[in-house]
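Here is a walk through one chain, from how its strands pair up to what sits in its middle. Have the structure open and follow along.

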Amino acid sequence: MPFGLKNAGATYQRLVNKIFRDLSGNKLEVYIDDMLAKTESGEQLTNDLKVIMNTLRKHQMRLNPAKCAFGMEAGKFLGFMITQRGVEANPEKCRAVLEMTSPKNLKDIQKLTGRLTALSRFLGASAQKAIPFFKLMKKGTPFKWETECEEAFQHFKRVLAEPPILAKPQTGETLYLYLSITEEALAAALIREDEKKEQKPVYFISKVLQDAETRYSRLEKLAFALLTASRRLRQYFQAHPVTVRTDQAVKQVLQKPDLAGRMLAWSIELSQFQIKFEPQNAIKAQVLTDFIAEMTPVKLTPEPWKLHVDGSSNSTHGGAGIILENQNGITIEQSVRYEFPVSNNQAEYEALLEGLTLAREVGAKALEVNTDSQVVSSQINGSYQTRDPLLQQYLTKVNKLKEGFESITIQHVPRERNDRADLLSKLASTKPGHGNKSLIQEVIRSPSVSTTVNAHLTSSNRESWTHPILQYLLDGTLPPDPKEGKRIKREAANYTIVAGQLYKRGFSQPLLKCVEHGDTEYILREIHEGCCGHHVGGKTLAQKIIRAGYFWPTIIRDSIQLVKSCDKC
């Protein structure tokens with residue numbers, strides 16, 4: 001078959017693959033007309049060569065003696081130097097770059113970038129460093145060799161003066177992938193670790209981002225870097241488990257059940273490989289240290305994000321609307337439906353927690369939160385006290401999430417400035433979310449905090465009148481005295497525990513909050529002589545306290561005693 005035809009190379013490759021199918025990958029590597037017999041000992045090499053020669057003779061194929069070399073400990077194959085240490089850069093290709101002078105015209109730039117591309121697997125951040133060259137090659141750009149270009153040129157010369165040696169991975173071993181991104185490029189380094197935990201590079205890849213790709217968020221760029229690495233290094237990803245070492249939340253974003261658009265397509269494509277994620281640990285290889293340093297941009301101020309949250313509730317369900325946006329026009333909208341009863345303040349806190357979690361997942365560091373709930377914003381900022389045990393749990397969880405941001409402000413805004421989030425929350429609380437496919441929709445079946453707050457029987461209230469009743473209702477424990485136990489069991493039927501607080505039941509009245517003796521004095525004086533007090537009589541004062549929703553066993557006696565001791569009465 002003549003080699004002038006387009007499919008001649010592919011046809012010949014299929015032929016040699018078929019001829020050497022029993023030897024390929026084990027004793028022999030064949031790529032078109034290049035053959036490499038490999039072995040670990042001289043005796044084994046002789047036996048392998050006999051098998052290879054017999055196979056060639058059987059199919060009437062001949063070798064050119066002038067192009068054959070035997071018993072080599074190192075040699076050139078497919079443009080690279082194969083040695084016992086690993087894969088090394090071809091000295092001739094390195095010398096071609098080292099001996100170049102600074103480019104004088106567009107043709108010289110094209111020649112330089114072509115030579116660097118042939119050696120790109122040895123250059124950690126070639127795309128990032130070569131950006132000045134690519135800018136000069138744009139159509140209509142006048143050629144002007146500036147200081148930035150000369151610095152990049154000299155950088156490549158320094159790297160190629162002592163190029164790294166790429167290691168050969170062992171069959172089935174775990175490989176480790178490091179990802180790095182900048183505003184204009186991405187890069188990845190695939191490494192292996194030996195028994196001594198020494199890190200050795202296997203392959204470097206890099207890519208200049210196109211115009212649309214530069215507008216990806218940081219997490220999207222990292223996910224795109226992982227996708228690019230899986231495409232460029234497909235043979236490694238198919239033959240080895242790969243562990244991605246990164247401190248960013250790439251795993252959480254790719255495994256979210258409500259992904260949409262390109263992130264969903266990327267997640268599906270990556271799911272075919274054995275990919276794990278772990279935090280980035282100490283870097284021990286100097287080559288890898290240089291790679292990270294080259295791809296680390298100058299520290300910039302964190303990208304500001306705006307978060308709008310709103311919660312709503314009805315008699316059976318609740319909902320939350322969340323809008324997260326940045327200055328680049330990226331907007332994420334989320335509608336959350338709560339399949340459990342929630343109060344309005346609880347729904348507002350749930351919406352805020354969901355919004356903070358979303359902001360943390362996209363890598364936001366500077367966050368401005370807008371909510372139309374004055375209670376929630378004032379409690380978080382310290383203007384209001386939080387007395388409700390349930391809301392105290394929510395406040396603690398919010399403060400813990402706030403620690404993950406470099407700067408965060410939570411402010412109250414009028415409802416008209418939060419109308420879109422308000423609409424999303426009402427949509428979630430009133431209708432099942434099946435219509436809008438472009439909106440991230442989520443259903444949460446349990447609250448973020450425990451709604452059954454335990455009533456703690458501490459030593460401070462052990463002598464309180466509520467202690468034996470709480471003990472019986474919580475643990476079923478009764479006093480040792482049988483008569484007292486029978487009385488407590490009878491009394492406990494009139495009480496219940498709601499959110500960790502003891503309440504007294506009534507036939508014709510709402511639940512009354514049971515008050516400890518330490519708080520009765522304040523309640524009595526506030527109702528008797530406070531801003532709305534009229535210095536009423538003892539029994540009338542007791543009735544007013546009960547109507548206000550409080551109860552303790554000696555309420556009438558204490559009311560009469562207070563009225564007697566009042567100077568104005």
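Two strands are taken as paired when DSSP finds at least two bridges between them. By that rule, β6 and strand β7 (residues 185-193) are an antiparallel pair with 6 bridges. This is a predicted model, so keep an eye on confidence as you go.

**Overall picture**

The chain has 569 residues, and 41% of them count as buried. Its secondary structure comes to 21 helices and 20 strands. Of the contacts with a separation of 6 or more, 62% are between residues 24 or more positions apart. As for confidence, the average pLDDT is 81, with 89% of the residues at 70 or above, that is, scoring at least 70. Residues 293-300 have a pLDDT below 50, and that stretch makes 15 contacts in the model beyond near neighbours in sequence. Residues 433-438 are also below 50, and there the count is 3 contacts beyond near neighbours in sequence.

**Two hairpins**

Back to β6 (residues 175-181): 7 of its 7 residues are buried, so the strand is largely enclosed by the rest of the structure. In a regular strand, side chains alternate between the two faces of the sheet. In β6, Leu-175, Leu-177, Leu-179 and Ile-181 point one way, while Tyr-176, Tyr-178 and Ser-180 point the other way, and all are buried. The turn to β7 is a hairpin with 3 residues between the strands. β6 also runs parallel to strand β9 (residues 242-245), joined to it by 4 bridges.

Strand β11 (residues 304-313) is mostly covered too, with 7 of its 10 residues buried. It makes a hairpin with β12, with 4 residues between them. β11 also has a parallel partner, β14.

The pairings, with one matched residue pair for each, look like this:

| Strand pair | Sense | Bridges | One residue pair |
|---|---|---|---|
| β6 and β7 (residues 185-193) | antiparallel | 6 bridges | Tyr-176 and Ile-191 |
| β6 and β9 (residues 242-245) | parallel | 4 bridges | Leu-177 and Val-244 |
| β11 and β12 (residues 318-326) | antiparallel | 9 bridges | Ser-313 and Gly-318 |
| β11 and β14 (residues 366-371) | parallel | 6 bridges | Trp-305 and Leu-367 |
| β18 (residues 501-504) and β19 (residues 512-514) | antiparallel | 2 bridges | Lys-504 and Leu-512 |

**The cores**

Which residues have the most contacts inside the largest nonpolar core? They are Leu-177, Phe-237, Leu-324, Leu-352, Leu-356 and Leu-367, in a core of 68 residues. Domain 3 (175-294) and domain 4 (305-444) both contribute residues, so this core lies between them. Take Leu-356 as a way in: leaving out residues up to four places away in sequence, it touches Leu-307, Leu-367, Val-369, Val-398, Leu-401, Phe-405 and Ile-408. A second, separate core has 23 residues, including Val-87, Cys-94, Leu-116 and Phe-133.

**Helix α17 and the sheet by it**

Further along, 4 strands make an open sheet of mixed pairing, in the order β17-β18-β19-β20. The edges are β17 (495-498) and β20 (550-551), each of which pairs on one side only.

Helix α17 (residues 467-475) has His-467, Ile-469 and Leu-470 as its buried residues. Looking down the axis of α17, these fall within an arc of 160°, so they line one face of the helix. Their cover includes α18 (482-492), β17 and β18. Right after α17 comes Gly-476, with a positive phi near 75°.

Is Thr-466 buried or exposed? Its relative accessibility is 1%, so Thr-466 counts as buried, the cut-off being under 20%. Thr-466 sits in the loop between β16 (440-444) and α17. Beyond its neighbours within four places in sequence, Thr-466 is in contact with Leu-502, Cys-514 and Glu-516.

His-467, in helix α17, is buried as well, at 6% relative accessible area. The C-alpha atoms of His-467 and Glu-516 are 9.9 Å apart, with 49 residues' separation in sequence.

Conventions:
Residues are numbered from 1 along each chain as its sequence is written. This is a predicted model: local features need pLDDT of at least 70, side-chain atom pairs count only at pLDDT 80 or more; totals for chains, interfaces and linings use all residues. Side-chain values use heavy atoms; hydrogens and water are left out. A nonpolar core is a set of buried Ala, Val, Leu, Ile, Met, Phe, Trp, Tyr and Cys residues joined through side-chain atoms within 4.5 Å. Buried means under 20% relative accessible area, exposed over 50%, partly exposed in between (1.4 Å probe, protein chains only). Domain bounds come from an automatic or database domain assignment. Contact means heavy atoms within 4.5 Å. The arc is that of the directions from the helix axis to the C-beta atoms. pLDDT is the predictor's confidence in each residue, from 0 to 100.
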